Structure formats: structure tokens, C-alpha cells
Amino acid sequence: MGDPLTPSAGSIPPPPPPPPPVTLVQASSSRKKHKPKVIRAVRNAFRSLPIITPVVKIPGGGKSGGGARVTGTLFGCRKGHVSLAVQANPKTVPMLVVELGMQTQALQKELSQGMLRIALECEKRDKEKKTNLLHEPRWTMYANGINNGYGLRRDATEEDLYVMELLKGMSMGAGVLPPRTEAEGGDGEMSFMRWQFDRVVGSKDSQTLYMLSPEGVGNNEPDLSIFFIRS
């Protein structure tokens, strides 16, 4: 008769499967020169007025405002905050990850109602400390003009890289990723929305991500725009 304090082999849950190996690569460090852009409005205009960018057709379907194309992914658990990851392309390590002060479900609701403008604002610090705009650690977040707390920049975590690895073959799309382990259940499901964006650099203190509209939508204005502003 076996020791009653020793669990039987059948009662031991199997270990969770190992995460897939990360094959994402670092984006090229070479910097592309951007054509100078005219800033049409001051900071408050980002909160209250529609922001329209000149639109032209691009090869392969879709519309573009002429900036450098990047991949943007919004993802998060159903009951958690949503995060934004920006990549040079789907096969590279994110150049930026920001946890937004907005629940995933609330973001999905806003997107379902039409155009969404997200503004991330930060204050200028010591002039001697020249920080890249996208390297700022903390932002005040506005969604369609309404304050939604803060956005916090972070280095890509193991979970961030896990999600990017699973989505590496997808340039656009939305869906739900299953939980990594059975123990997490439905709360571990990860919703994601991925698009291609035009990254338009207005100055060292302003950048904008304009979502590329699919061909045939009939609307020259992006459904989602994300503004980074330092003032």
C-alpha cells in the first residue's frame, strides 16, 4: 500500500507547455530621414478636432499619408489594461511597448463606435537630458478627448514577446489568443487588434501613428490615430 501523503502519478497535473522560442529580430538601427511636416494645430486640437492627413493610394491596397510604415498591436486580457506595441514590422522586437490606462473591453467598445483618437502627452524635462520622444517613461492618456489615466512605457516582457511571436505571420487582423495554461481559464484569453500604421514625425516633440485604411472603405480619415506629444 502506497504512502497516503504521496500523490499518485495520475493526480499530478502535467507541466505547462514551454513557450515558443522567440525568433523576433532587432529592427535596423539605421534612421530614415522624414520629410518635414506642418503641424496644423496646437496640443488642444488633438483632443477636440478631427485630425486629417493627406491620403494617397499605396501598393498592395490601402491608403497612406506618406510616413514610414510600422506595425501596431493593441492587446490585453479581457479584464486587464490594454497595451500598445509598435514594431518596424511583424518579425521584429517591439521598438515601443506602452501599457495604456484603459481596460481592454472599454477600448473595444470605443473602436466599435467609429473613429478613435488616442493622445499620449508628456511634459518636457531638463533640456540637457535629450530623451527620444518614444522613450519617455510616462504619459497622460486621452481617448477622444477624455482623460483615461496614464500610459506607462516598459521594456518588452516575456509575455509581450510571446504575443508578438504568435502574431509574427499576421500584418493585420483581430481575434483572441487562448490562455497559455489551462489554469488561467477564460481570464487568460488575450484579445488583440493589429494594423499597419503610417508613422509621421512632426518634430522631436510630436509623432503620430495613422492607421492605414483598407482599400474600398470609402473614408479618407483613419479609424484609429495615436498621437505622441511632448509640451
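1. Nonpolar cores. In this predicted model, the largest nonpolar core comprises 28 residues. The residues with the most contacts inside this core are Leu74, Leu100, Leu107, Ile118, Leu224 and Phe228. A second core, separate from the largest, is made up of 13 residues, among them Leu24, Phe75, Val93 and Leu167. For Leu107, setting aside neighbours within four places in sequence, the contacts are Leu74, Val82, Met102, Leu116, Ile118 and Met193. Leu74 and Ile118 therefore appear both in this contact list and among the residues with the most contacts inside the largest core, where buried nonpolar residues are joined through side-chain atoms within 4.5 Å.

2. Helix α2. This helix spans residues 104-112, and its buried residues are Thr104, Leu107 and Leu111. Viewed down the axis of α2, the buried residues fall within an arc of 60°, and so they line one face of the helix. An α-helix has 3.6 residues a turn, so residues three or four places apart point the same way. Lys109 and Ser112 are exposed and sit on the face of α2 turned away from the buried side. The partners of the buried residues of α2 are strands β3 (68-77), β4 (81-87), β5, β6 (116-122), β10 (190-203) and β12 (224-230), against which they pack. Gly114 follows α2 and has a positive phi, near 130°.

3. Helix α3. The buried residues of α3 are Asp160, Leu161, Tyr162, Val163, Met164 and Glu165. They pack against β3, β4, β5, β9 (173-177) and β10. Strands β3, β4, β5 and β10 are thus also named among the elements that the buried residues of α2 pack against.

4. Glu165. Which helix holds Glu165? The residue belongs to α3, which covers residues 158-166. Its relative accessibility is 11%, and because buried means under 20%, Glu165 counts as buried. The side chain of Glu165 makes a polar contact of 2.7 Å with the side chain of Thr23. Val93 is 72 residues from Glu165 in sequence, yet the C-alpha atoms of the two lie 9.1 Å apart in space. Val93 is also one of the residues of the second nonpolar core.

5. Gln87. This residue is found in strand β4 and is buried, with a relative accessible area of 0%. Where does the side chain of Gln87 reach? A backbone oxygen, that of Pro90, is reached at 3.4 Å. In addition, a polar atom of the Gln87 side chain lies 2.6 Å from the backbone oxygen of Thr92. Apart from neighbours within four places in sequence, Gln87 is in contact with Val70, Thr71, Thr73, Thr92, Val93, Pro94, Met95, Met164 and Arg194. Of these, Met164 is a buried residue of α3, and Val93 belongs to the second core.

6. Strand pairing around β8. Strand β8 (residues 146-153) runs antiparallel to β5 (residues 96-103), to which it is joined by two bridges. In this pairing, Val98 stands opposite Arg153 in β8. Strand β7 (residues 138-143) is likewise antiparallel to β8, with five bridges between them; here Tyr142 stands opposite Asn147. A hairpin is formed by β7 and β8, with two residues between the strands. Asn144, in the turn, has a positive phi of about 50°.

7. Overall organisation. The chain contains three helices and twelve strands. Of its 231 residues, 39% count as buried. Among contacts between residues at least 6 apart in sequence, 58% join residues at least 24 apart.

8. Confidence. The average pLDDT of the chain is 78, and 68% of the residues score at least 70. Confidence is highest in β4, at 97, and lowest in strand β1 (residues 56-57), at a mean of 36. Over residues 30-64 the pLDDT is below 50, although this stretch has 62 contacts in the model beyond near neighbours in sequence. Gln87 lies in β4, the strand in which confidence is highest.

Terms used:
Residues numbered from 1 in each chain as written. Predicted model: local features only at pLDDT ≥ 70, side-chain atom pairs only at ≥ 80, totals over all residues. Heavy atoms only, no water. Helix = DSSP H or I, 4+ residues; strand = E, 2+ residues; numbered from the N terminus. Buried < 20%, exposed > 50% of the residue type's maximum accessible area, 1.4 Å probe, protein only. Polar contact = N/O pair within 3.5 Å; in protein donor to acceptor, adjacent residues only side chain to side chain. Contact = heavy atoms within 4.5 Å. Pairing = 2+ DSSP bridges. Arc of directions from axis to C-beta. pLDDT = per-residue confidence, 0-100.
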